[in-house]
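Colleague: Please show the model, and then I will ask about one strand and the packing.

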Amino acid sequence: MNKLTFKPVTLESVTSLMVIENACHSHPWSEKTFSSCIGGRYFGDYAQQDNDIVGFFIGEFVVDEATLMDICVKPTMQGQGLGKQLLNQFIEQAKNKGAIKIWLEVRAKNISAQMLYINTGFVEISRRTGYYPSATGFGYEDAIVMCLEL
């Protein structure tokens with residue numbers, strides 16, 4: 001696994017991160033939504049490898065719980081363990097803020113992400129039927145709600 005360096009997500013980094021956001025999601029956040037998730041109760045880092053931005057996460061912290069709002073790895077860099085490193089960085093930051101539980105939602109069809117979360121200790125709590133617009137543009141797919149108790 002290649003070593004990543006992490007830097008805080010800032011308004012100045014949003015434009016660069018939007019390239020990865022748009023490449024990773026069938027229904028990506030808008031730049032306005034992304035920018036609104038910086039500061040205050042939100043926290044996030046982007047990962048660099050050899051001065052190349054390869055991924056990022058955005059989390060939210062409220063009272064004693066954190067939520068993983070978004071996590072992306074550049075498509076050409078997926079499958080190399082970078083998502084696991086980003087997820088671990090998110091969990092460490094959440095712990096440092098005092099989180100005792102971490103929440104996330106994942107598309108029911110995103111099996112590789114589900115396996116990453118399960119292998120990290122997340123468990124399925126519930127499903128939100130028809131929560132996400134389908135990646136194919138037809139219909140909807142479920143969101144799986146997962147939780148990790150710290």
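Colleague: How many residues of β2 are buried?

Modeller: This is a predicted model, in which local features need pLDDT of at least 70, side-chain atom pairs count only at pLDDT 80 or more, and totals for chains, interfaces and linings use all residues. Residues are numbered from 1 along each chain as its sequence is written, and side-chain values use heavy atoms, with hydrogens and water left out. Strands are DSSP runs of E, at least two residues, and helices are runs of H or I, at least four, numbered from the N terminus. Buried means under 20% relative accessible area, exposed over 50% and partly exposed in between, with a 1.4 Å probe and protein chains only; in β2 the buried count is 8 of 8 residues.

Colleague: Which residue in the turn between β2 and β3 has a positive phi?

Modeller: Strands pair if DSSP finds at least two bridges between them. β2 and β3 pair in the antiparallel sense over 8 bridges, with Phe43 opposite Gly59 in β3. The two strands form a hairpin with 2 residues between them, and the turn residue with a positive phi, about 55°, is Asp50.

Colleague: Which element gives the largest share of the largest nonpolar core?

Modeller: A nonpolar core is a set of buried Ala, Val, Leu, Ile, Met, Phe, Trp, Tyr and Cys residues joined through side-chain atoms within 4.5 Å. The largest one has 27 residues, and Leu87 and Phe90 are among those touching the most other members. Elements giving two or more residues include β2, β3 and α3 (82–97). The largest share, 6 residues, comes from α3.
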